[in-house]
Amino acid sequence: MDSITQGFIRAFELIFHLNAELFGIILLSLKVSGLALVIATLAGLPLGAMLGLKRFPGRNLAISAVNTLMGLPPVVVGLFVYLILSRKGPLGFLGLLYSPTAMIIAQSILAIPIVTALCHSAIVNVDPLIRQASRTLGATQRQETLAIIHEARYGIISAIVAAFGRVMAEVGSILIVGGNIAGYTRVMTTTIALETDKGNFELALALGIILLLLSFIVNAVLHAIQRKGMVATQ
Amino acid sequence: MKLDVSHLTKTYDKKTILNDCSYVFDKTGTYVLMGPNGCGKSTFLRICAMLERQDSGDIAYFDNSTVLANDITLKRRLTLVLPRTGVFNTTVFKNVAYGLKIRGLHHTVIERKVNAALDFVGLGPKTGQHARTLSSGETQRLGIARALVLEPEVLFLDEPTASIDEENTQIIESIIGAMKKEGRSTIIMTTHDREQATRVGDFQLVMRNGRIET
């Protein structure tokens, strides 16, 4: 019990004394997950909009596939990216394995289905009368699509925030493709795993507290957005 | 204004809704199309307003004989108000401004026109209110304001008072009367209320067996 208390005390000391190693790890985590999220949004939003608005052969199959991919096991993604980027893999010549770029790729793969599926869901739930309204008011096809996306904006923001929560908490794939190299690819979750293994609970606990805090902020933002969306649709 | 409808046919699930339907709208004023529910009035309006495509037949708008399916310039000369108004998740003002905004008008012009349209339908004091907090009668008036702010040459009103109370019905009928006086648009509306047709219509038409009868 004492060691846990001591761990917490030491963890708060690390946080309040702005420990350089700690903040380096946090910044890298935010950078990797942030960039992965930008990529996931740029790919997932148009894909979700296409699945929600267009009718094409195989659409239902594509929707089922995206929903299934939402539950992709991170270690499987890690293994897949590892095989692609390893020296003997098809993209091995790029030398990206054990780099932050490899981690961004892995996290993007995990986040794209989440953004796509939740954006699709937000878009299909827009009242069909909105499409008719914009059409009767003289909207072009593009303006009509933008009107629907605008109507689904709260759901779309929720999708992005949810994906951010998922990638920030992810450990399996980035451990495999990043290698957990100190000062280079070591992020919050991989550090927690490593330091716990070593019995060095102070840093692990400090990062755990920050990760929990970030998770709380993400959820609070998500909740606020959903509440705003609900008020607006009442 | 001239809208020359010839030999329109439309079928849904093997049920013929419009059957060789023809009519020429060539006068300024209010045309009221009557008929029981399901007789094809709304389908006729939706096709004329280019919201749906007919199976066969032609419509010549104004003085053109050829119509392209996605002729946005032509589409913007017509506006349809549906029986249930789809309200954008924003303020009353922004709802009415939408049609002008997508036409690329300057914001000062938009502000002037929107305020005038909202005053016209009696929603002036509710400009900044969230549109989804309006009553059903006010929502329908919002739909009309959204259409008339665009100053269409032809305004289609599909059962504009079907789902609202008597007070709002009277307000909408007086709005239609005021629009008629201004004489900027030809109004083609549907109703199943014979008395309303007499009150607001200059020309009364009946739809029967998928065709228009005078």
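From the N terminus on, chain A of this predicted model runs α-α-α-α-α-α-α-α-α-α-α. That makes 11 helices and zero strands for chain A, where helices are DSSP runs of H or I with at least four residues, strands are runs of E with at least two, and both are numbered from the N terminus. The C-alpha trace of chain A spans about 70 × 50 × 25 Å along its principal axes. As for bookkeeping, residues are numbered from 1 along each chain as its sequence is written, while chains are lettered from A and ligands numbered from 1 in the order in which they are written. Local features need pLDDT of at least 70, side-chain atom pairs count only at pLDDT 80 or more, totals for chains, interfaces and linings use all residues, and side-chain values use heavy atoms, with hydrogens and water left out.

Within chain A, helix 2 (residues 20-53) and helix 5 (residues 100-124) have axes that come within 6 Å and cross at roughly 35°. Axes here are lines fitted to C-alpha atoms, for helices over the stretch in contact, and angles run from 0 to 180 degrees between N-to-C directions. The crossing of helix 2 of chain A and helix 5 of chain A is right-handed, meaning that the near helix is turned clockwise from the far one by less than a right angle; anticlockwise would be left-handed. Sorted by class, this contact of helix 2 with helix 5 in chain A holds 20 nonpolar, nine polar and no charged residues. For that sorting, Ala, Val, Leu, Ile, Met, Phe, Trp, Tyr, Cys and Pro count as nonpolar, Asp, Glu, Lys and Arg as charged, and the others, Gly among them, as polar.

Now to chain B and its sheets. Strands of a sheet pair through backbone hydrogen bonds, either parallel or antiparallel; two strands are taken to pair if DSSP finds at least two bridges between them. One open sheet of chain B has three strands in the order 2-1-4, with antiparallel pairing. Strand 2 (15-25) and strand 4 (56-61) of chain B sit at the edges with a single partner strand each, so one side of each lacks a neighbour in the sheet. Neighbouring strands of this sheet are turned by 20° against each other on average, direction ignored. Strand 1 (residues 3-12) of chain B pairs with strand 2 of chain B in the antiparallel sense over seven bridges, and B:V5 has B:Y23 in strand 2 as its bridge partner. Helix 1 (residues 41-48) of chain B packs on the sheet, touching strand 1, strand 2 and strand 4 of chain B, and its direction makes about 120° with that of strand 1; contact means heavy atoms within 4.5 Å.

The other open sheet described here has six strands of chain B in the order 5-6-7-3-8-9, and its pairing is mixed. Its edges are strand 5 (78-81) and strand 9 of chain B, each with a single partner strand, so one side of each is left without a neighbour in the sheet. The twist averages 20° from one strand to the next. Strand 3 (residues 30-34) and strand 8 (residues 203-208) of chain B pair in the parallel sense over four bridges; B:Y31 is partnered by B:F203 and B:V32 by B:Q204. Strand 8 of chain B also pairs with strand 9 (residues 211-213) of chain B, in the antiparallel sense and over three bridges, B:M207 being matched with B:I212. These two strands of chain B, 8 and 9, form a hairpin with two residues between them, and B:N209 in the turn has a positive phi of about 50°.

Helix 5 (residues 136-148) of chain B packs against helix 3 (residues 92-101) of chain B at an angle of about 35°, with their axes 7 Å apart, in a right-handed crossing. Helix 5 of chain B also lies across strand 5 and strand 6 (154-158) of chain B, running at about 175° to strand 5.

Finally, the interface: 20 residues of chain A are in contact with 24 residues of chain B. The two chains bury about 1,900 Å² between them, 56% of it on carbon and sulfur atoms, buried area being the accessible area (1.4 Å probe) that two parts lose on being put together, summed over both. In chain A, A:L129, A:T136 and A:L137 lose the most area to chain B, together 32% of what that side buries. The count between the chains is one salt bridge, defined as a side-chain nitrogen of Lys or Arg within 4 Å of a carboxyl oxygen of Asp or Glu. The side chains of B:R132 and A:E151 meet in a salt bridge at 2.9 Å, N to O.
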